[in-house]
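Let's take a walk through this structure together, starting where two chains meet. Keep the picture open beside the text and look up each residue as it comes along.

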Amino acid sequence: MNNSLGREIFANSRPFVSANAFLKEKRRLIPEKPTSATVRFYDDLETAFRDLAIKDGMTLSFHHHLRSGDNVLNMVASLIAKYAIKDLHLAPSSIFPEYKLSDLILNHQIRNITTNYLNGPVAKTIAGGQLQGTLLMHTHGGRARAIESGDLAIDVAFLACPAVDRQGNGSGAFGINACGTLGYAESDLKYAKKVVLVTDTLVDELSMWQFDHKYVDMVVKVPSIGDAGGIVSGTTRITRDPIGLKIAQDTAELVRELGVIKNGFSMQTGAGGTSLAVADAIGKIMQTQNITGAFASGGITGYFVEMLGKGLFQKLYDVQCFDLAAVESFRTNPAHIAISASKYGNPFETSPVVDDLDLVILGAAEVDLSFNVNVTTDSFGNIIGGSGGHADTAHGAKLAIITSTLAKARIPLIKSEVRTITTPGSDIDAIVTERGIAINPNRGDLLERLKGTSLKIMRIEELMDLQHRLGGIPKELPKTNAAVGYVEYRDGTIIDTIYRTG
Amino acid sequence: MRSFLFVPGNNPSMVQNADVFPADAVIFDLEDSVHVAEKDNARRLLRDYLTSHPSLPQKVAIRINAMDTPYYKADLEALVADEIDYIVLPKATVTTTQKLGSDLFALEQKRELNKHIDIIPIVELAASLVEVCKIAATSRVVAILFGAEDYCAEMEIKRTLAGEALFFPRSQIAVACRANGIIAIDTPFTDVADDEALLKDCHNGALLGMTAKAAIHPRQVGAINEAYSPAQDQIDWAKKVVKAEKEASSKGLGVFSLDGKMIDKPVIERARKTLAKAKQYNLAGQDDE
Amino acid sequence: MKIGIAGSLESNDVLVTVRECEKLVIDIHSIVDLLFHDQIEKVVRDTLQELGIENVEVRLQDKGALDYTIRARLITAIQRMEAQP
């Protein structure tokens, strides 16, 4: 069966129709979990694990706010191994290279995986066809939708929580491993059958918390939930690469020409070096023109904290802190506001933050002539990431811009067809490369506005042709016919299939 | 021409992207940025790049090795071709500049080139500064590049941000260039991370009459272009002067006043030059003439 | 045995090693091998033909170099090999 983008998807799934199809649907909500009478406190994870009576085939969820520094998932993984539980469905919001799941996959203790983003050894294991069941990849907003609708039913949520009080309320703002907001885990908290907060810091009282004890079944004190230093992902510096800077300059110029930078505007960028350089360039324009934006959102980096400090934005809406400067700001600045993944990007929320965005700057591994974007796999079919908030923000924002080099070490950006569609081209407005800018032809209004500017506007076909003249035409790499997973669009439909690597 | 971007000649990543930056010219370097054991590698890379890359910089310059090195001849042999606009000559004197001119002539004849390659001497020796007017007047010389690092080393003086040490050479070169109607390219600023200091250094040069500046990192190009282009208020003023001059001359007036100031011929000339520059760099906006 | 080396292992560059050999051996290791193997091999063959060299061992460690870079490094490597006493 093919979906509306011509991608073959598995037979009994709902095919992607369009980015706006959800508007005709009603929000589905399962009841929130019944509030437990008492919170039980444990001082070791193994006892709690035994008491949970985890059975073969159950669904366990996790969040990734501690990013590369997370210990909780690895501790639970060791217990899964020790107690020989089989056929589990694991649903962490992301999977980082440090997460040790490959052995559990290879010996079939983990059968299915649902996540928003993964790279490293687990990604390699799955792309190589070693996962017995299926990989399902959500967007950040889509995961919240899947949980609240019961599509992703969670038996036990193991939620790393940097600080917990005597009542069982939990916060990410305090403790030795403070990670800031806990936005990705709010749906797990409210809808999982059992909720376990795993912490290394118990306090008498918290001044503010994101996890309310009424949803919590267990609190487990462990020596260490991880290493806060690991939440600094290493991608949170402005690029020094001259090409990245050139792309950032041109992007800022494009945004300026389009009249986006004005009082009250809102933006989001990724945490990559080029994205931050765009934020920097836009920040400079805001400073010289004395402009104050309404808010910046997303995963928040120290860079946006600085912009907030300079008064360039009134608020930060933060679903995830990318570095310790963001954690500190979240703890101390009331204008730095935590939001849940649902409030961030769930299409069925009344007014998700992404819908209020004027501008989002996004990356791409591949883009095709229909402006479809792939951030899930690379040109060779390896799984390198996933949507995260890509598809959510691209749809919500009034202007969605992709920034990327046209070719990196000869690997081309523009393909006649991307290997995997993560975000539909209908939601992408512009692609900025070092050699030219392509505007989606469905945005005639933008093309009109850019007439007479010094920006190098080209048709995407011209840009692809230029890329071929510079670097040569790459050989088409056929896909294998073995599906290893699926990419789910934010509304719950299937937008593409991920195939085993060759 | 405002900005001349240096690109190391043996670095494929930088060479293949040299054309994407807004520099008015790119100087591919065979001299200081290329190790002595890699001169052959760099020459070959640049030659194949220039003959086969589908997109080259607006203007292409090659900084060859100085005439007293064993690489000078091979550099010219490898790179004199139709794709080149300028040869940049280190440690230039009147004698070496003239010699380069005749070497270029011979190669152009031999290779039946369709073009005449110009010379940009680097003035970086005290002796060269003394004879800079003669260098500037030498045939094929279209610009002079000031090299402050070697100059300061030879003079045993220290370059400071305020620029006092460079006051004389910059002035001397700027005047020699102006007298010969050629471009005065200021020395590059070496701290590539300090944007503010770069701006200051640009203004130090411009203040004394330098008309362009070399960049040693692509991120410097934007600031240089801005510093050496006429500012918007100057452009607006120039437009006003030229417009008023037209009206005045239609009434048969030679001298007239604008906003309470007397406008005479040198002022009108300056306004015309500003406008011409603005047009050259697409800064003049909608033509209302 | 004469040997010539040119290039580097930097991104967009290629390290070319050539050795005297009684037959033609072309050994390509490239980060873009799946996408550009045939094109890289063609550049090597065309360049050798242009130089009139039939038998030589060419080893490429490619980091995504463009055609002209491969060609330039190969020519330099061969010139360096031939310049050996």
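Chain B and chain A bury about 850 Å² between them, with 64% of that area on carbon and sulfur atoms. Buried area here is the accessible area (1.4 Å probe) that two parts lose on being put together, summed over both. Before going further, a word on ground rules: this is a predicted model, so local features need pLDDT of at least 70 and side-chain atom pairs count only at pLDDT 80 or more, while totals for chains, interfaces and linings use all residues. Residues are numbered from 1 along each chain as its sequence is written, chains are lettered from A and ligands numbered from 1 in the order in which they are written, and side-chain values use heavy atoms, with hydrogens and water left out.

Back to the place where chain B meets chain A. Which three residues of chain B bury the most area there? They are Val20(B), Phe21(B) and Pro54(B), which supply 48% of the area that chain B buries against chain A, more than any other three residues. The contact (heavy atoms within 4.5 Å) takes 11 residues from chain B and nine residues from chain A. One salt bridge turns up across this interface, a salt bridge being a side-chain nitrogen of Lys or Arg within 4 Å of a carboxyl oxygen of Asp or Glu. Look for Arg435(A) and Asp19(B): their side chains meet in a salt bridge at 2.5 Å, N to O. There are also three residue pairs in polar contact between chain B and chain A, both residues at pLDDT 80 or more. A polar contact is a pair of N or O atoms within 3.5 Å; within protein, one must be able to donate a hydrogen and the other to accept it, and residues adjacent in sequence count only if both atoms are side-chain atoms. The side of chain B that touches chain A divides into four nonpolar, five polar and two charged residues. In this sorting, Ala, Val, Leu, Ile, Met, Phe, Trp, Tyr, Cys and Pro count as nonpolar, Asp, Glu, Lys and Arg as charged, and the others, Gly among them, as polar.

Now swing over to where chain A meets chain C. Here 12 residues of chain A are in contact with 16 residues of chain C. The area buried between the two is about 1,100 Å², and carbon and sulfur atoms give 64% of it. On the chain A side, Phe380(A), Ala409(A) and Arg410(A) supply 56% of the area buried against chain C, more than any other three residues. Arg410(A) has another part to play: its side chain meets that of Asp67(C) in a salt bridge (2.7 Å, N to O), and the count of salt bridges across this interface is one. Three residue pairs are in polar contact between chain A and chain C. Among the elements of chain A, β21 (411–412) and α14 (460–471) each supply at least two residues of the side that touches chain C; helices (H or I, at least four residues) and strands (E, at least two) are DSSP runs, numbered from the N terminus. That side of chain A divides into eight nonpolar, two polar and two charged residues.

Salt bridges are found elsewhere too, with 61 over all chains. In chain B, Arg63(B) and Glu31(B) pair up at 3.2 Å, N to O. This pair links distant parts of the chain, since Arg63(B) is in strand β3 (residues 60–63) and Glu31(B) in the loop between β2 (25–29) and α2 (39–52), 32 residues apart. Arg63(B) is buried at 12% relative accessibility, and Glu31(B) is buried at 8%; buried means under 20% relative accessible area, exposed over 50%, and partly exposed in between (1.4 Å probe, protein chains only). Chain B also holds a network of salt bridges that links Glu149(B), Arg159(B), Arg170(B), Asp186(B), Asp201(B) and Lys213(B).

In chain C, find Lys42(C) and Asp46(C), whose side chains meet in a salt bridge at 2.8 Å, N to O. Because they are four residues apart in helix α1 (residues 33–51), about one helical turn separates them. Lys42(C) is exposed at 51%, whereas Asp46(C) is partly exposed at 35%.

Last come the cysteines. The count of disulfides (pairs of cysteine sulfur atoms within 2.5 Å) is zero over all chains. For Cys161(A), the nearest cysteine sulfur is that of Cys179(A), 7.9 Å away.
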